[in-house]
Amino acid sequence: MTQHNGHTGQERIGVYVCHCGSNIAGTIDVEAVALWAAEHLNHRGVVVARDYKFMCSSLGQELIEKDIQELGLTRVVVAACSPHLHEQTFRIACQRAGLNPYLCELVSIREQASWVHTDKKAATEKAKAIISGGVERVVWHAPLEPLRVPIHPATLVVGGGIAGIQAALEIADAGFPVYLVEREPSIGGHMAQFDKTFPTMDCAACILTPRMVSVGTHPNITLLTWSEVMEVQGYVGNFTVTIRKKARYIKEDLCTGCGICQEKCPKKVIDEVFEAGLGYRKAVYTPFPQAVPKYPVIDRENCTYFQKGTCRACEKLCPTEAIDFEQTDELLTVQVGNIILATGFDILDARRIGQYGYGRLANVFTSLEFERLSNAAGPTNGQIVLRDGVTQPQTVGIIHCAGSRDRNFNNYCSAICCMQSLKFAHLVRERTGATVYNFYIDIRTTAKAYDEFYQRVLDDGAILIRGRVAEVTDAARLPGEEGKLIIQVEDTLAGKQRRIPVDMVVLSVGLEPRHDAKEVAHRFGISCSADGWIIEKHPKLDPVATMTEGVFVAGCAQGPKDIPSTVAQGAAAAARVLARIQQHEIALEPVRASVDESKCSGCRICNGLCPFNAIIFHEDRMVTEINPALCQGCGTCVAACPAGAISGTVFSNEQVLAQIEGLLLDVARRAPAPEPAPV
Amino acid sequence: MSDSFEPILIGFTCNWCSYRAADLAGTARVKYPPNIRLLRLMCSGRLDPTFVLKALASGADGVLITGCHPGECHYLEQNYKALRRYLLLRRMLAQMGIEPERVKLVWASAAEGVKLAQEITDMVEEIRALGPLNWPQRHNGAAPHADEKAVKEGTA
Amino acid sequence: MTEQQNLPAHQAASPPPFVPGSFLKEVMDATPGDSRLQMCIQCGTCGGSCPSAADMDHTPRQIFAMIRADMREAVLRSNTPWYCVSCYYCTVRCPQEVHITDVMYTLKRMAIREKLYDDSTAPDFSQTFIGYIENFGRSFEFGLATRHNLRHRPLQLPSMVPFGLGMLTKGRMDLTPQRIEKIEQLQAILNRAIELEAT
Amino acid sequence: MNKYLFYPGCSLQRTARPYMDSLLAIREMIGLELEEIEDWNCCGATEYVAVHHVAAYALVGRNLALAARQVNGTHTVMAACSACYLNLAKTDSYMRQDAHLAQQVNTALDAGGLHYTPGTVKVRHLLDIIVNDLGIEAVRAKVVRPLKGLRVAPYYGCMIARPDRDNRWDNVEHPLALDRLLKALGAEVIDFPMKTHCCGGHMTQINQASAYELIRRLIHGAAEYHADIMVTLCPMCQLNLDAYQAEMNRYFRTDYHVPIIYFTQLMGLAFGLEAEALGLGKEFVDPRPALSRIGIELPAAEPETVTVGEQPRRKKKDSGLPMPRMPGSKEADE
């Protein structure tokens with residue numbers, strides 16, 4: 001550690017250069033940078049510059065605090081990682097030492113220099129420029145107080161799968177109101193479709209339905225199924241959410257859920273959602289017997305009365321007169337302080353993988369179809385049979401990674417398919433005794449008790465073949481292949497191409513973001529990654545928050561994951577929300593615009609620029625005013641004001657212009673010969 | 001390093017998308033040339049054209065403006081305002097005799113670290129090909145090579 | 001040169017120091033575009049898709065592992081590239097979008113140049129075929145079939161007679177080759193190209 | 001009339017003369033105007049690139065450069081042979097992607113006073129043009145002799161759909177363009193699982209055992225599905241499957257008899273043209289029994305509605321579970 005004292009300027013600035021172990025120091029000569037700052041920036045007010053192994057450690061922070069107190073620092077510049085990581089850390093350190101936290105500036109020489117450049121000399125020079133920019137900028141910082149926003153105690157949870165159920169219950173159990181919105185007629189999500197859950201093989205319904213019932217009966221939960229969020233306004237602490245409650249054509253107060261209408265409805269439809277296209281439902285239906293709520297919905301598109309004007313069988317036979325064909329969609333508006341998105345996933349459309357023949361070859365099934373096939377409450381009552389509905393397969397091939405880890409489809413690993421495929425192998429062995437082949441690229445069984453399950457499936461007698469299946473065909477070529485589906489694959493461990501005739505093929509298709517994920521994310525003011533999953537605030541340290549304050553994400557909406565992780569995220573998001581609610585308010589960055597009325601010429605150029613309606617024009621005085629409660633701090637009006645009457649905190653014109661000058665410190669005096677690096 | 005021209009660029013980034021894309025490029029160790037120095041704004045809508053002129057006048061050879069993709073602005077629609085200002089700015093630069101290609105606007109979401117790095121790499125090469133700007137010299141008497149071509153392109 | 005090539009100078013003697021991965025680089029450099037060969041995840045989709053896999057001494061996947069292992073001679077002696085029928089199944093199915101068929105062409109060219117492939121049938125067929133192109137600008141099936149079969153399968157030639165006669169009587173084969181007008185122009189182009197390859 | 005630059009390729013001059021004849025015969029009827037590229041040379045098939053690298057691309061580059069000089073109203077080059085199509089398209093695409101290769105090719109072309117700027121012409125296959133430019137409806141409108149009752153195996157082979165660098169085809173594993181076209185002719189098109197498998201390419205010249213096995217797979221597949229005839233769009237596929245079918249039968253002691261004809265010939269028949277004008281009769285495996293079965297030479301006697309028999313293994317039973325819905329399956333059945 002080195003220390004250099006410079007002379008005193010108007011402000012007394014301390015510069016702290018972090019090594020971040022070797023993350024920064026490996027590429028940037030941090031000692032030279034600190035030395036340079038003390039020497040060359042002292043005329044700008046730098047009185048001390050230090051480098052230290054880990055500035056964010058308690059010792060590093062103490063260093064800053066000590067200097068503030070002993071050297072009377074009035075400004076602090078820390079050159080380390082991204083402000084999105086440690087800005088708060090150093091602000092709090094300043095505050096502890098009695099300096100207003102907003103007089104601290106964190107500049108990023110790790111993400112913006114050491115990690116992205118290989119030329120050490122150039123990276124070191126760039127780090128100097130970045131620090132110079134920070135020093136120029138910090139001079140113009142003003143002491144500020146955070147904005148305090150009250151938190152509305154209610155929470156909106158979007159999506160009634162296991163993630164949303166978990167989150168809703170945690171918050172409701174803590175005594176706060178929850179609105180749970182689900183677009184299907186029942187909560188339960190994908191988990192309700194499954195028969196067994198790995199690795200313990202508990203029955204999915206047995207562990208899920210009690211929670212569904214709790215949601216349905218919880219006094220703190222307002223359950224809105226067959227509903228969708230249409231619009232979200234406002235900001236953390238106080239969102240106004242508009243929800244469309246689609247017409248069910250059932251009077252919920254009268255319906256007892258007896259099921260007579262479903263029994264009597266003459267119209268049978270393939271159930272593409274809950275039964276994954278493998279079973280049927282009626283035009284009036286609950287997706288499954290344990291549905292929550294118990295009220296059915298009438299599917300307008302398929303209802304004979306709605307389409308042809310006659311029938312009304314359900315109405316005639318309903319014992320409580322609960323059918324109401326006149327119902328219309330309702331729009332509800334609710335106030336909430338926080339939002340949890342748990343919108344789940346879709347599965348990849350297996351028809352896209354032409355070489356596996358799904359949709360063309362009858363006995364190729366998707367994983368979701370297989371879940372329904374093996375589910376005791378499914379279309380075959382749990383009989384694992386071929387598409388003809390009766391024949392038990394003698395041999396089954398299960399194909400892992402169908403459409404995952406493949407640049408032609410989804411480049412990512414879907415995380416659950418290995419275990420899911422092994423679960424299928426176990427079920428087939430257990431229920432039919434059929435020969436089972438699993439075709440895999442790699443077996444990824446990384447969570448608790450997962451690898452033990454893999455071994456159990458091996459012990460069950462499943463045959464595992466390492467090789468990604470090339471094609472599934474019904475074109476028989478060799479004896480024994482007639483009438484079978486043939487799986488052609490390179491057995492990579494044997495180094496030979498093999499053709500394996502089977503009766504049934506199950507594709508472990510990958511998980512995909514919901515088809516409308518981007519649209520939904522946009523509605524909530526957050527964004528999706530290139531793959532389409534919702535982006536979390538930090539992939540490791542803040543996995544359930546998003547970049548928009550007050551909007552959290554849980555479960556597969558954020559990326560493929562298994563049930564344990566999904567439940568953990570649902571609970572984690574709830575914990576984050578509860579912490580907020582219990583503090584009653586939240587401190588926000590005081591980045592706001594304000595108008596200096598004495599400078600405002602009343603030109604009204606700024607008036608049309610604010611999408612949040614924070615700009616008000618006073619006709620009487622011919623001046624503009626900004627409502628700080630509505631202003632979000634984007635700064636567009638600041639940039640537009642020709643009179644310079646609008647200023648924005650934290651990003652004032654002075655701060656930005658000074659930073660530009662600082663960043664170009666070396667360029668302004670660019671000499672023909674390169675400056676020798678300070679030693 | 002040889003004594004060939006090494007351009008210096010200033011990059012304006014949006015707090016919600018491109019600044020995070022730069023963070024992501026760092027975390028993922030994506031490499032780009034060290035010729036750019038980034039500066040954070042809350043939104044590309046905050047970009048006062050004066051900032052660009054200030055950067056060029058202070059010795060930068062080019063300016064890269066980055067913001068959220070159309071339709072994805074954290075403040076709903078302010079990036080469109082940035083786009084409008086950018087188009088005007090290019091026109092103005094052309095009239096001042098500065099190649100409008102020295103200023104470029106690109107969209108980069110928080111997920112597009114690789115894209116941002118590629119845009120930076122491309123732009124550094126483009127500015128290298130254009131040569132140094134030398135704003136002060138140009139404006140101190142020497143005939144600014146304001147030509148019709150530059151004016152035309154600025155209006156495009 | 002990039003920094004990745006900072007390799008320990010562990011061999012002081014005369015043969016050039018062995019550089020791990022150099023054969024992979026050599027193959028990739030000799031393949032047009034970005035072949036993405038370094039991205040192979042050894043999943044076997046290529047070997048599973050290949051219509052000729054049964055005849056190959058190594059599956060394409062194994063060849064790629066051998067390339068990574070710098071087994072240069074074994075790779076160039078392998079019959080694998082010569083059984084490639086250019087059906088491109090492997091290429092379109094490869095989850096890493098490796099340009100497998102193009103890599104096979106590269107290996108054929110390397111093997112021909114270094115005369116490493118023992119069975120000369122396939123290389124000779126290619127050489128005979130291109131000989132006609134270089135002389136006439138068009139391919140010539142009759143000449144090709146007779147010359148090639150005479151050299152490699154003289155005993156089977158009688159069995160090919162019905163085929164050849166059939167082709168001739170059905171007007172589907174000529175006894176004389178066609179020649180393009182500007183054959184000199186084509187030859188100049190090809191000669192220049194071959195010179196470029198040598199450099 | 002849609003105009004295209006035409007690259008016939010060596011095969012259409014010789015071994016695939018019937019392909020050329022039938023194409024020329026139907027050309028006017030479907031509104032196709034062709035302008036042959038002057039003094040084109042061989043594309044090198046799959047052989048040139050096995051020996052030379054730059055020269056292989058320069059060989060094709062000469063054709064592209066000649067075509068570019070003839071660009072006048074159209075910049076689309078049409079090839080009917082799949083290997084020619086792929087070589088032309090691939091060279092253009094690699095020259096676009098690989099600046100070094102493009103520069104080398106142009107240095108070579110310069111020796112012949114030629115130059116080619118990648119992307120100047122767009123290379124497409126005849127089938128692509130008929131289905132996507134001229135349209136299935138235009139074809140259907142010309143049908144005077146629907147091929148009712150003729151069970152046809154649509155065979156695409158490899159190189160028309162793979163590698164599909166410019167995303168021209170709906171599905172590289174199971175394309176439907178030819179199926180739809182043949183259905184428009186009134187034929188009964190089987191869902192041929194081997195439709196994009198390999199015919200063996202040059203293997204007939206190199207290793208007969210391997211080649212015959214690949215031929216057997218295809219012929220066996222078509223016979224399994226009771227195809228009367230197999231339809232192809234590539235000279236190499238036609239040659240291998242037709243001319244070597246007898247040899248293959250001898251080798252495996254089998255007795256397959258699957259005639260292989262070009263799709264353009266079948267179009268001509270449906271359009272009412274004479275067999276001779278379409279180059280029919282030059283096959284090794286005689287297609288006449290199959291054609292006469294649907295009374296193709298007899299002018300009248302519209303066959304009765306033929307029961308469109310479900311394929312053997314695709315039968316649906318009442319107890320059965322629903323099949324996944326296939327997008328566009330309706331359209332494909334038209």
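Helix α4 of chain D is largely enclosed by the rest of the structure, because 14 of its 16 residues are buried (a residue is buried if 20 or more other C-beta atoms, placed from the backbone, lie within 10 Å of its own, exposed if 12 or fewer, and partly exposed in between). The helix covers residues 54–69 and reaches 22 Å from its first C-alpha to its last, close to the 22 Å expected at 1.5 Å a residue; the expected span is 1.5 Å times one less than the number of residues. Helices (H or I, at least four residues) and strands (E, at least two) are DSSP runs, numbered from the N terminus. The model is predicted: local features need pLDDT of at least 70, side-chain atom pairs count only at pLDDT 80 or more, and totals for chains, interfaces and linings use all residues. Residues are numbered from 1 along each chain as its sequence is written, while chains are lettered from A and ligands numbered from 1 in the order in which they are written.

The domain assignment of chain D, which is automatic or taken from a database, gives domain 1 (2–125) and domain 2 (143–312). Their C-alpha centres lie 26 Å apart. The contact between them takes 23 residues from domain 1 and 25 from domain 2, two residues being in contact if their C-beta atoms, placed from the backbone, lie within 7 Å. On the side of domain 1 that touches domain 2, α1, α2 (17–27) and α5 of chain D give two or more residues each, and α2(D) gives the most, with eight.

Chain D also meets chain C, with 53 residues of chain D in contact with 54 residues of chain C. Among the elements of chain D that each supply at least two residues to this side are α4, α5 (82–97) and α10 (208–224). The residues of this side divide into 26 nonpolar, 18 polar and nine charged; Ala, Val, Leu, Ile, Met, Phe, Trp, Tyr, Cys and Pro count as nonpolar, Asp, Glu, Lys and Arg as charged, and the others, Gly among them, as polar.

In chain A, three strands form an open antiparallel sheet in the order β25-β26-β27, where strands pair if DSSP finds at least two bridges between them. The edge strands, β25 (471–473) and β27 (496–502), each pair on one side only. Strands β25(A) and β26(A) (residues 485–491) pair over three bridges, and T473(A) has I486(A) as its bridge partner in β26(A).
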